[in-house]
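Me: Hey, can you walk me through this structure?

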Amino acid sequence: MKSSDWNDYSFETQAIRSGHERTHEDEHSVPIFTTSSYVFASAAEAAERFSGNQPGNIYSRFTNPTVNVFQERLALLEGGERCLAFSSGMAAIMAVGMGLLKAGDHVVSSRSIFGNSVLMFQNFFGKFGVVTDFVDLTDLSAWERAIRPETQFLFLETPSNPMMEIADIKRLAELAHAHDILLIVDNVFCTPVLQKPLELGADVVVHSATKYLDGHGRCVGGAVIASDELIEKAIYPFLRTGGSTLSPFNAWVFISGLETLALRMKTHCENAQALAVWLEGQAAVKRVFYPGLTSHPQHELALQQQAGFGGVVSFELNAGQAKAWELIDATQMLSITANLGDVKTTITHPASTTHSRLTPEARAEAGISDGLLRISVGLENIADIKKDLSRGL
Ligand SMILES: *Cc1c(COP(=O)(O)O)cnc(C)c1O
């Protein structure tokens, strides 16, 4: 079946069957094409391929049949026209910047984005004369005030890490389009199972496939999803020249990850909700940050915008770093790692790990106290997760 034929199918079916056209070997599972280059039938055909007049593979830096299956499938799941895969989530974000920005341009970004994304905008795009202003994710008027004539796009993650704040994608897309600029959303925390930014008006979605898309903590990869025109004009030329290519093996792992994504996200959400409610009842816990709780300030927005509340729960203890570290060290099963989106539950202390490079003032402004812990809730039995946490609570 051609990729366009899958539009009439539901998400779960698309995630399992789309993108793959069987080869002459009639294989049932998607094959891994480990080939760097491709052979042409004649010198004339080689010339046609290189000129772009004839579609087809030339070199695996920019097209590979296994990578293509992952790209077609993820484009369909995000409701976008076209997807390009990259060697990591950061490579995907770099490609967006390299494709869309030039010296003198300006970006408005949420303050609460992945640490390396902040460094990419500040230290690297900044080095080439691009200025980025960082604003409060939920303050719509701050976004509006920050836009200048040179602004090219708005950039955000929602929910944010680790405070789980929610941005109103629809309203920010309206704001961006009123100024003739783009809205770019990092959809790592929700995945297309829980949130489809393109349908809410965003122009570009970026992914770290390393997280929920793989779902088992095995491979590093990323993706950009946007209109055919934007990918063709701005992103594909950078991939072709820059070479931050996803390997066919990693694409193959992500393809099977997508097949169980809907199923996994459902249980991640159920386990996270149960854990958040349980944590709220613990005497040692001051506050729980999870959009599925009615105590969350943007619970209503999350209900409208997301099909589920996600697998990440943060909570603040009635104490500081010593107690937070004690709780982490008292666990026997949970993995002490900053990675997220794994079937295994992970626990981290943001102030001393993921957000340790921020100044204490910046951390305080972002609400990341020394007593804050972040859990990426996995798919183990919820009773075992609670039991492991109760050891130190
Ligand atoms: C991990 C992550 C990234 C970066 O992805 P890598 O695959 O590690 O390069 C970007 N954004 C978010 C929200 C992430 O969690």
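Below is a short chat about one residue and then the ligand.

Reply: Sure. This is a predicted model, where local features need pLDDT of at least 70, side-chain atom pairs count only at pLDDT 80 or more, and totals for chains, interfaces and linings use all residues. Residues are numbered from 1 along each chain as its sequence is written, and side-chain values use heavy atoms, with hydrogens and water left out.

Me: Is His20 buried or exposed?

Reply: His20 counts as buried because its relative accessibility is 15% (buried is under 20% relative accessible area, exposed over 50%, partly exposed in between, with a 1.4 Å probe and protein chains only).

Me: And which residues does His20 touch?

Reply: Leaving out residues up to four places away in sequence, His20 touches Glu27, His28, Ser29, Val30, Pro31 and Val69; contact means heavy atoms within 4.5 Å. The side chains of His20 and Glu27 also share a polar contact of 2.9 Å (a pair of N or O atoms within 3.5 Å; within protein, one must be able to donate a hydrogen and the other to accept it, and residues adjacent in sequence count only if both atoms are side-chain atoms).

Me: New topic: what surrounds the ligand?

Reply: Residues with a heavy atom within 4 Å of the ligand count as near, and they include Phe114, Asp186, Ser208 and Lys211.

Me: Which ligand atoms do the polar side-chain atoms sit by?

Reply: One from Asp186 lies 2.6 Å from a ligand nitrogen, and one from Ser208 lies 2.8 Å from a ligand oxygen. An N or O atom in the Lys211 side chain is 2.6 Å from a ligand oxygen.
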